[in-house]
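Me: Could you take a close look at a single part of this model for me? Pick one element, tell me what sits on it and around it, and spell out the cut-offs as you go.

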Amino acid sequence: MPSANLTRSIASSRTIGTGLIIGALAVTLAAILIPVSLFGESSVALPRNGVTDDGGGTVSTQYGPLTATDRDFVRKVRLAGTWELPAGQLAEERGSREAVKTAGEHLLEGHTELNRRSEEVGRALGIQVPNQPNAQQQGWLNEMTNAGSSAEFERVFANRLRAAHGKVFNLIAQVRAESRNSMVRSLATRANAIVLDHITVLEDTGLVDFDAL
């Protein structure tokens, strides 16, 4: 019969072995559960800056590769104009502060140009662009239209527009830095300048609540 010491030694070895197996399984499980994006590379295309993937992949054009991000950017530029142009018109009509009227004028000028450019890019690259605001954007316009006073209108106008421009600014920077399509890069370059101008004039109203951005 095995001695008591030998029995204890065998039992201890089995316990250690079992512990090592459990430990290895735990490490493996943790590696599976940790998002691959933490390591900087992933085989899954994760959307950034609110990009919507239309599922069309990357296609070749005479102006260079056209990605889902490129297409989404072109659509978003045109979509912005569907509500920011009316908002600019409202600012000129209802604004009592000269700075608000100036911001409205800049919105009208800037988005008139961006509408034209985004439509031209859409036709050239086969991208269907929107012609009316989405439900959220229409809601913002309704807030401005239904404002009970000039002061309330100006507050809603400045903060809704400033928040929207701040969000799209990140997408513009991403597209300008990464796009390999010359038409899309050109649109992003111009959009960058116009959106930065709009951010500046909206902040110049003195009505922007930076803590709420």
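Reply: Here is a tour of one helix and the parts around it.

First, the ground rules. The model is predicted, so local features need pLDDT of at least 70 and side-chain atom pairs count only at pLDDT 80 or more, while totals for chains, interfaces and linings use all residues. Residues are numbered from 1 along each chain as its sequence is written, and side-chain values use heavy atoms, leaving out hydrogens and water.

The chain has 6 helices and 0 strands, so reading from the N terminus you get α-α-α-α-α-α. Helices here are DSSP runs (H or I) of at least four residues and strands are E runs of at least two, numbered from the N terminus. Of the 213 residues, 35% are buried; that word means under 20% relative accessible area, with exposed being over 50% and partly exposed in between (1.4 Å probe, protein chains only). Among contacts with a separation of 6 or more, 75% link residues 24 or more positions apart, a contact being heavy atoms within 4.5 Å. The chain exposes about 12300 Å², with carbon and sulfur atoms supplying 55% of that; areas come from the Shrake-Rupley method with a 1.4 Å probe, and for residues only the protein chains shown count as cover.

The part I've picked is helix H3, which spans 98–125. Let's begin with the charge. Glu-92, Glu-93, Glu-98, Glu-105 and Glu-109 gather in a negative patch on the surface. To join a patch, a residue needs over 30% relative accessible area and no salt bridge; like charges are then joined within 9 Å, and nonpolar side chains (Val, Leu, Ile, Met, Phe, Trp, Tyr) within 5 Å. Asp and Glu count as negative, Lys and Arg as positive, and His and the chain ends aren't counted. Each charge is placed at NZ of Lys, CZ of Arg, CG of Asp or CD of Glu. H3 gives the most to this patch, with 3 residues, and helix H2 (68–94) also supplies at least two. Glu-92 belongs to H2, and its 31% relative accessibility makes it partly exposed.

Now for a residue that is tucked away. His-111 also sits in H3, and it counts as buried because its relative accessibility is 2%. Setting aside neighbours within four places in sequence, His-111 contacts Ala-80, Gly-81, Glu-84, Leu-85, His-165 and His-198.

Further along comes a charged pair. Side chains of opposite charge can pair when their charged atoms come close. The cut-off for a salt bridge is a side-chain nitrogen of Lys or Arg within 4 Å of a carboxyl oxygen of Asp or Glu, and the structure holds 10 of them. In H3, Glu-120 and Arg-116 are 4 residues apart, or about one helical turn, and they form one such bridge, with the closest N and O atoms 3.5 Å apart. Both are partly exposed: Glu-120 at 34% and Arg-116 at 41%.

Arg-117 is in H3 too and, at 26% relative accessibility, is partly exposed. Where does Arg-117 reach beyond residues up to four places away in sequence? It touches Ser-186, Leu-187 and Arg-190. Arg-117 and Ser-186 are 69 residues apart in sequence, yet their C-alphas are 9.5 Å apart in space.

Past H3 is the loop leading to helix H4 (135–145), and Pro-130 lies there. Pro-130 is partly exposed, at 24% relative accessibility. Leaving out neighbours within four places in sequence, Pro-130 contacts Arg-75, Arg-78, Leu-79 and Thr-82.

Arg-75 has a charged partner as well: its side chain and that of Asp-54 meet in a salt bridge, 3.3 Å from N to O. Asp-54 is in the loop between helix H1 (4–33) and H2, and Arg-75 is in H2, so this bridge ties together parts 21 residues apart in sequence. Arg-71 joins Asp-54 and Arg-75 in a salt-bridge network.

On the H4 side, Arg-160 and Glu-143 meet in a salt bridge of 2.7 Å, N to O. Arg-160 belongs to helix H5 (150–178) and Glu-143 to H4, so that pair ties parts 17 residues apart in sequence.
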